[in-house]
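Here are my notes on this model, point by point. Have it open while you read.

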Amino acid sequence: MFIGVIRLILAVAILSAGVFYTAHAQEESRAPVVMKLIEEADQTVKDLIQLTNLPTTDDQVLVDARLRLENLKNELLAIEVLSRKKVTELSARLEQLGPEPEKGDTKSEITVSEQWKALNVEKSVEVVILNQIIEIKSAINRHINVIAEKRRNAFVNSLYKRNPISSFLFKSAALQYSFTRAALVELVSPWLSHVTTFKLYEVMASTLLAVFLALVFSVVFGRLFKGLIQRDPSNLKPPYFSKISTGFWSTLKPSLVILVFLGAIYVFFEYFGILTPEISKLAGSLFIAVAGVSFAYNLSYAVFYPKSLSWRFINVSDKTARQLFWLTVAMAVVYALDYFVTYINDMTSAGLSLTIVRSLLTSTIIGLILLLISLVSAKVQIFQDESDKIQPPYWISYLLALTGLVIIGTGLSGYIGLARFLVQQVVVTGAVVATMYIGFAVARQIGSEGAIVQSAMGKRLHQHWGIATETIEQISILVGLVFMAGVLLAGIPLILLQWGSAPSDISAWYAKLLSGFEVGAIRISLSGILIGLGTFFIGLLLTRMFQRWLGKSVLPRTRADAGVQHSIKAGAGYVGIALAILLAITNAGLDLSSLAIVAGALSLGIGFGLQNIVSNFVSGLILLAERPIKVGDWIVVGTDTSGFVKKISVRATEIETFNKQSIIIPNSELINGKVGNWTHESKMGRIDIPVGVAYGSDMQLVEKVLLAAADGCSVPMQSPPPFVFFEGFADSSVNLQLRVHLRDILQTPVATKEIAYAIVDGFKMNNIEIPFPQRDLHLRSSNIGNLMADKAGDQ
């Protein structure tokens, strides 16, 4: 046995030494690796700076360079965090060793001196690494600003570049159009011939599978959100929430169905080898154009809804709604065709003249459509009783007309880039803003009072899950805020894309937003906070579900009393919440050891400022552990508070009196004060019924009647048996007390009433009198004479 223990100790020592050696070797090998990475990063930054400083650099090269710089900056930031942590640890170890020791003669003094020098050298290396990282990061930040400035200038120059409009331009465009059409036919015709000859069955199978997936998605989506999609034509006054939610989901469902169909057919075509690389890109652009038109159609239909005024967002007549709907759809179709033709021109290498004429034609048509919309808007019929609809302002028609004239004017003046930019803002940004407006309206209605509580989902949560209406209201506010944040996070990037930002720019901004910032040794990031909050709410939800499972499925089978069950449920809740908080802090990226100093500093203030709260909390834990009182007990606190314990929480205990009044008592008062508990160990108790009988009554018969009344009670009794206690002789009666021990003291009202009624009936049958208070008055004769004389004098 002793030899086995020695072997175990030696094995642990060898393993520990191996781990220490490995960690020390890793620390020693870290510095050269980090220095090499820094050198490579420095060279990469110099290469990117040289590349982006070329005068012919296009926008995509600048975007890629910025993305690489942002990624490099994040990598350096990770190294910087580790180096700062390492410097902090080395500084602490050097402070423990004190100033540089003098090299002595003893072995221990030599070891300390060598250790101090080694730590100082290691710290110096880490400081050099930090300085180099800071220098490279500064260069990266400067060049990111330079790239942003170059892209901004290029964007402005593209907007204000003028292309003269002349007859030569149109002749050149016509010639280039014939070349482009021939190139397109040459590209598509062989592919169509090949597909119809060799891939026809694959095309049919892919199309059928895509249709099947779209139908399945439509059915599932329709069943999940059936009440939110369908409009009731007979409902002439639908609630605003129903109108908004129906418009939102009725726009989303068909758009997603089309998107699922197009995406599925594209994937299947790629899988079966139907698409060539060129046709694949062409089909992708066509599918995007079709999906955009579908979304614009559904959105316009939801906003204008030509069929019924009751479900329409805009306060206009049916005729005006139909006109505005079709004009909006026409504008989306023109823009989608322009997008598809633009891709064809790029793929066939069309000339500049054709591109200018195409952009001029598109901007002119969309400008004319805007003029038509302004004419229709000028004749809007307003219904005064529709207060929940959007009231178009009187100046909207003037604004639309001015926008259309500006687009046409800039295009005809040769500023094709500016005209196309305005068209893009009107069509794409307008659609995004309209969708965001509906999303915001839905979020506001979700968070409004009673919106979810009165819905089918709210009723299901209340009935099947037992969630209180107040909790559902709080959940609705949170869901509304989350929905609004989601609308912002989805809509703002789409708007920024229309204003010249690249997808990599937006991803870099989101990465910077999510990466956060540092406060000392603690890094705070939005992603960490969101993950921490999500972890906490998931842990809280699981804790509540576990408590519910305990309370309904497990604890009732144990036959334990209600107090024990409540204590177990409460203890499980406290443990679950504590674990949820710890997991949330850990997943949020916060180091618990880093928070120890802050917690220690705050503990003193908390100790003074929150003494009562902490005292009540500890008292609540004592109540749950020792259980001097428990849920369901009948207790008496002080001289005027008596009732049943309904709930023992962290801070206070709720007592319900016999007249249904809830009294909240701090837990510390129940621990430190005197508390009477009628049902502490058992529910057995005694009731005392006082009775007074007239003098001269047969006391043996009285006692017999009292005991018979007690024996006839239907409430179970406990040993000892009932007995009559003599209290004393009063002025008008002989006072007795009937004492009865009950098995359940909570049955006191029933037992008291039955016994009292039986006593009255028994006394009546045996002619036993319960006397009234009596007083004997003795009047002297002299006093009577004086009273009569006074009365005669008054007359």
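**Notes on strands, sheets and rings**

1. Let's start with β4 (residues 641–648): this strand pairs with β5 antiparallel, over five bridges. Strands here are DSSP E runs of at least two residues, helices are H or I runs of at least four, and both are numbered from the N terminus. Two strands count as paired if DSSP finds at least two bridges between them. Within this pairing, Phe644 sits opposite Glu656 of β5, and a hairpin of three residues takes β4 into β5.

2. A word on ground rules. This is a predicted model, so local features need pLDDT of at least 70 and side-chain atom pairs count only at pLDDT 80 or more, while totals for chains, interfaces and linings use all residues. Residues are numbered from 1 along each chain as its sequence is written, and side-chain values use heavy atoms, with hydrogens and water left out.

3. On its other pairing, β5 runs antiparallel to β6, again with five bridges. Glu656 turns up here too, with Ser662 of β6 as its bridge partner. The β5–β6 hairpin has four residues between the strands, and Lys660 in the turn shows a positive phi of about 65 degrees. Because five of its six residues are buried, β5 is largely enclosed by the rest of the structure. Buried means under 20% relative accessible area, exposed means over 50%, and partly exposed is in between (1.4 Å probe, protein chains only).

4. Have a look at the ring contact beside that hairpin turn. Trp634 and Phe658 make an edge-to-face aromatic pair, 5.4 Å centre to centre with 90 degrees between the planes. Trp634 belongs to strand β3 (residues 634–637) and Phe658 to the loop between β5 (652–657) and β6 (662–666), so the pair ties together parts 24 residues apart in sequence. Trp634 counts as buried because its relative accessibility is 13%. For reference, rings of Phe, Tyr and Trp (its six-membered ring) pair if their centres lie within 6.5 Å; planes under 30 degrees apart are stacked, over 60 edge-to-face, and the rest tilted.

5. Next, the open three-stranded sheet, whose order is β8-β10-β9 with antiparallel pairing. β8 (685–693) and β9 (723–729) are the edge strands, each with a single partner, so one side of each has no neighbour in the sheet. Neighbouring strands are turned by 25 degrees against each other on average, direction ignored. Nine bridges hold the antiparallel pairing of β8 with β10 (residues 734–742), while β9 and β10 pair over six. A hairpin with four residues between the strands connects β9 and β10.

6. Which residue is the bridge partner of Phe725 in β10? That is Gln737, which also has Pro690 standing opposite. Phe725 has company over its face as well: Arg739 lies there, 4.1 Å from the ring centre. The rule for a charge over a ring is NZ of Lys or CZ of Arg within 6 Å of the ring centre and within 35 degrees of the ring normal.

7. Two helices go with this sheet. Helix α22 (residues 748–765) lies across β8 and β10, at about 25 degrees to β8. These axes are lines fitted to C-alpha atoms, for helices over the stretch in contact, and angles run from 0 to 180 degrees between N-to-C directions. The other helix is α21. It covers residues 699–711 and packs on the sheet, touching β8, β9 and β10, with its direction at about 25 degrees to that of β10.

8. Elsewhere, ring pairs link Tyr297, Tyr301, Tyr305, Phe325 and Trp326 into a cluster.

9. Which residues does Thr410 touch, leaving aside its neighbours within four places in sequence? They are Tyr415, Ile416, Leu418, Ala419 and Leu422, with contact meaning heavy atoms within 4.5 Å. Thr410 lies in helix α11 (residues 396–412) and counts as buried because its relative accessibility is 13%.

10. Finally, the overall tallies. The protein has 23 helices and 10 strands, and 34% of its 795 residues are buried. Among contacts between residues at least 6 apart in sequence, 72% join residues at least 24 apart. The accessible surface comes to about 47900 Å², 65% of which belongs to carbon and sulfur atoms; such areas come from the Shrake-Rupley method with a 1.4 Å probe, and for residues only the protein chains shown count as cover.
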